[in-house]
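Hi,

Here is the structure I said I would pass on. Have a look at it first, and my notes follow underneath.

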Amino acid sequence: MDKNQFYLYNDVLYKLLSCTTLDSLKRAILRELRLLIPYRYGSIITICQDPETGKITHSEPVCIPAEFTELEEAWIDHDEDDDYFWLSASQESIVLRGSDVQSDEVRLGSTTYRTLYQRYNIYDQIGVNLVYEGTPMAILDIYRTRQDQSFSDQDAFFLKAMVKHINCLYHRLLSQQAAALPGGGAAQRFRQRYQLTDRETEILSLLFQHLNNDEMVDRLSISRSTLDKHLYNIYRKCGVSSRVKLLQLKEP
């Protein structure tokens, strides 16, 4: 790392440290990382692992550019078909470069590539799973097209150097976000115990404030069907069948 790169690295890190919310951190990671490692498309996707079954699920993609969200949502619907799905279950952060682990023929001939990424002309990918004390939190992926160069060893070095800071920042803001809301302390405990996603934890904190479904829809600016889906997942993960039983579970 030369002097200019060192200054740039520290400037990016300073901007990430200045973030005060988890959402702003996600967007800052994607925006600022582009200065160190130029890329065409990028995303951060929440990881959740069911504590009983160990099943991994993904949700809540944040993407640059915004229109890339449609692709990542489609990937979430078929995530188990991806050859790199195992990365989301790892208990330590691993930087993985697509061109390192598979030949062009295999990578570009996969079902996932042909059905999703080919229409964006994507050629190479580098990603890392965000993990704090053995708990998976999110997956960060950035992509280049055929017109771009493949990701280099230096790109991998920068990502490895940055991820240890990102993991700590991500976990700190995630904990602060849940604890700052009324009912948030309990929601954060539930998050850690039942492996809830960011959005599920936010909804749970509102539920603990005794907001009804219509009030939660208004507060979160989401559809009723989306709320119902999140509530179903919360009940399933917590092993209850109704709001009343969930509130009873909250009592000491």
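The core of it is an open sheet of five strands, ordered β2-β1-β5-β4-β3, with antiparallel pairing. Strands here are DSSP runs of E of at least two residues, helices are runs of H or I of at least four, and both are numbered from the N terminus; two strands pair if DSSP finds at least two bridges between them. At the edges sit β2 (56–64) and β3, each pairing on one side only. From one strand to the next the twist averages 20°. Helix α3 packs on the sheet and touches β1 (41–49), β2 and β5, and its direction makes about 170° with that of β2. For contacts I used heavy atoms within 4.5 Å; axes are lines fitted to C-alpha atoms (for helices, over the stretch in contact), with angles from 0 to 180 degrees between N-to-C directions.

Before the details, a word on the source: this is a predicted model, where local features need pLDDT of at least 70 and side-chain atom pairs count only at pLDDT 80 or more, while totals for chains, interfaces and linings use all residues. Numbering starts from 1 along each chain as its sequence is written, and side-chain values use heavy atoms, leaving out hydrogens and water.

Now β4 (residues 122–132). Ten of its eleven residues are buried, meaning under 20% relative accessible area, with exposed over 50% and partly exposed in between (1.4 Å probe, protein chains only). Three antiparallel bridges pair it with β3, and ten join it to β5 (residues 135–145), also antiparallel. Val128 stands opposite Val95 and opposite Leu140 in β5. β4 and β5 make a hairpin with two residues between them, and Glu133 in the turn has a positive phi of about 50°.

What caught my eye in β5 is Asp141. Asp141 is buried but has no salt bridge, and the nearest side chain of opposite charge, Arg107, is 11 Å away. (A salt bridge is a side-chain nitrogen of Lys or Arg within 4 Å of a carboxyl oxygen of Asp or Glu; Lys and Arg count as positive, Asp and Glu as negative, and His and the chain ends are not counted.) Its side chain does have a polar contact of 3.0 Å with that of Gln125, that is, N or O atoms within 3.5 Å, one able to donate a hydrogen and the other to accept it, with sequence-adjacent residues counting only if both atoms are side-chain atoms.

Cheers
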